[in-house]
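Reader: Please go through this model with me, one question at a time. I would like each answer to end on the value or name I ask for.

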Amino acid sequence: MLEELRITGLGVIDDTTLKLTTGMNVITGETGAGKTMVVTGLGLLFGGRADAGRVRADPGRAVVEGRLRLRGTLADTVQTRITEAGAEVDDDGSVLLSRTVTIEGRSRAHVGGRSMPVAMLGEVGEQVLAVHGQSDQLRLLRPAEQRGALDRFAGPEHEKLLETYREAFGRWRQVVDDLADRRRNARARSQEADLLKLGLDEINRVDPQPGEDDELRTEVQRLEHAEGLRVAAATAAQALAGGVETADDTLDATQLLGTARRTLEAQSSVDPSLSDLAQRIEEAATLVGDVSAELSAYLSSLDADPARLEQIYERRAVLRGLTRKYADDVEGVIAWADNARSRLAALDTSDELLEELDKERQRLAAQVGELAVRLTTARAEAATRFSEAVSVELAGLAMPHARVEVAVLPRPAGKDDPTVTVDGAELGVGPDGADEVELRLRAHPGAPSLPLQKGASGGELSRVMLAIEVVFAGAGGPPTLVFDEVDAGVGGTAAVEIGRRLARLARTHQVLVVTHLPQVAAFADRHLVVAKDTGGAITTSGVRIVEETERARELARMLAGLPDSDLGIAHAEELLAVAAREKR
């Protein structure tokens, strides 16, 4: 839940803090007092678009801060994402969020004390908060939004089916586009393929090997300096253990080490420590012998073969020819060849491949059609449940004879839109299936079923939309729900029913309601009032909690505009008593 919200420098609000609670929080106030700025502040805090025109000239920036405390699996999900982004969660499990917007339009966001992209606030907001307002009502009048809303209502299994369909649709469209491109551009593809084949043939004839140029460079150096290397190795071998050119009276390292070892061993009976030294000299002599043997092998391997040197020169020249055309080095040439082979496969326009792709297209089209039918069936089932649930809510909102119907209609195929054939019928399909969804209202028995925007008056539309929002919220979703004057155009008994339903939602959600109806405000667990202060040179607004007598006076003001009227206060107290009984 959102425990606290502080707003500074936004619209008419100079600096105010809202202490929120679980259950139902109601925000009321005179028209123009700044109730809308509270919702605007919430939008900013959770990644909404920043409007520099809302920022007060003094201090020249708007700041919205909030403390969020989550529980259960949602807390684990959100906290994990926050921690991965480098932010910190407080020891008590809460996290601080903030958003700053300057009068120049610059925006900054902080999560858990760390600077973050504004998109991070949006990610958190999608998980924890849903705002339902008059703009959302307009949004839900769009067919695409109605289809998306029905899909969300249908539940997680339906959403899995929709995701499976989208994956199959994507693969199908990819194969369709690939096949069309191969057929349409067959000549250009053939020309490119011929050029690639020429390059591959040249490289394959040379057959360069990884690291070959380095190996050849090393071998050239040995062959070009073979005589100097032979002299150096022979001299070292003679010094270590003699050799064919060593004079009879020349002492080598092996002989000298042998003399030293025998001398020490002869005296080891007098001083045993000399025996250890003699042993170490023997180990040194063994190592010298090994090196001497390796030097002999090295001398045997040295070859100043001019023919081999010429072969290497020619091979390196051929490799340089490849690196001039295809890459900077041999590894690059090999990589070019690998890429060319892959590209050749992509350029293939052979009849065999085209036939194979066409079969794959048909297979995927059948799969898309089958999944589209399953989606239609699932939507039709969800539409029945949704219609029943919303109609029940409408009965409690003083529209007992009204019924909301959800029409799941075949998607018309446009001129360039893809289609699939199912049971001999051609269906227009898109990324969301083969359906169009339309919400309709039948105002009373015998009345025609009309789209919402045509079949409902202003007051009816508000009640229908509230019923829809209540059904959506009851199906799950974020833990905090914000209702921004969704009760506009409603009064009387319907207003009481709206308050009752919002209070019912507040049993499982944190609910924030901006309202002008006292019948709704009476159901609040916490009542906050936005009030203007016109005492200074600039009008400002602040928010305060009202309780008991103050709360009754605020409801009296909302009822009749007379906060000090005894009759109005008595009516307000009666409203509070009714609401308290209803909430039990």
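**Charge, shape and cores**

Author: The model is predicted. The protein chain carries 70 positive and 95 negative side chains, and the centres of the two sets are 9 Å apart.

Reader: What radius of gyration does the protein chain have, set against a compact globule of 584 residues?

Author: The C-alpha trace spans about 135 × 80 × 50 Å along its principal axes. A compact globule of 584 residues would have a radius of gyration near 25 Å. The value for the protein chain is 42 Å.

Reader: Of the contacts with a separation of 6 or more, what share joins residues 24 or more positions apart?

Author: The protein chain has 20 helices and 17 strands, and 42% of its 584 residues are buried. For contacts with a separation of 6 or more, the share from residues 24 or more positions apart is 72%.

Reader: Which helix gives the most to the largest nonpolar core?

Author: That core has 58 residues, and those with the most contacts inside it include Met 24, Phe 386, Leu 394 and Leu 502. The greatest contribution to this core is 9 residues, and it comes from helix H16 (residues 458–474).

Reader: How many residues are in the other core, the one with Val 39 and Val 128 among them?

Author: This core lies apart from the largest one. Its members include Val 39, Ala 87, Val 111 and Val 128. The count is 42 residues.

Reader: Is Val 404 buried or exposed?

Author: Val 404 sits in strand E9 (residues 403–410). Leaving aside neighbours within four places in sequence, Val 404 is in contact with residues including Val 390, Leu 394, Leu 441 and Val 464. Buried means under 20% relative accessible area. Because the relative accessibility of Val 404 is 0%, this residue counts as buried.

Reader: What separates the C-alpha atoms of Val 404 and Arg 280?

Author: Along the chain, Val 404 and Arg 280 are 124 residues apart. The separation of their C-alpha atoms is 100 Å.

Reader: Where does Asp 207 lie?

Author: Phi of Asp 207 is near 55°, a positive value in a residue other than glycine. Most residues other than glycine have a negative phi. At 46% relative accessibility, Asp 207 counts as partly exposed. Its place is the loop between helix H7 (186–206) and helix H8 (212–224).

Reader: What is the relative accessible area of Glu 548?

Author: Glu 548 is in helix H19 (residues 548–560). Glu 548 is not a glycine, yet has a positive phi of about 45°. The cut-off for exposed is over 50%. Glu 548 is therefore exposed, with a relative accessible area of 71%.

Definitions and conventions
Residues are numbered from 1 along each chain as its sequence is written. Side-chain values use heavy atoms; hydrogens and water are left out. Helices (H or I, at least four residues) and strands (E, at least two) are DSSP runs, numbered from the N terminus. The radius of gyration is taken over C-alpha atoms; the globule rule is 2.2 Å times the number of residues to the power 0.38. Buried means under 20% relative accessible area, exposed over 50%, partly exposed in between (1.4 Å probe, protein chains only). Contact means heavy atoms within 4.5 Å. Lys and Arg count as positive and Asp and Glu as negative; His and the chain ends are not counted. The place of a charge is taken as NZ of Lys, CZ of Arg, CG of Asp or CD of Glu. A nonpolar core is a set of buried Ala, Val, Leu, Ile, Met, Phe, Trp, Tyr and Cys residues joined through side-chain atoms within 4.5 Å.
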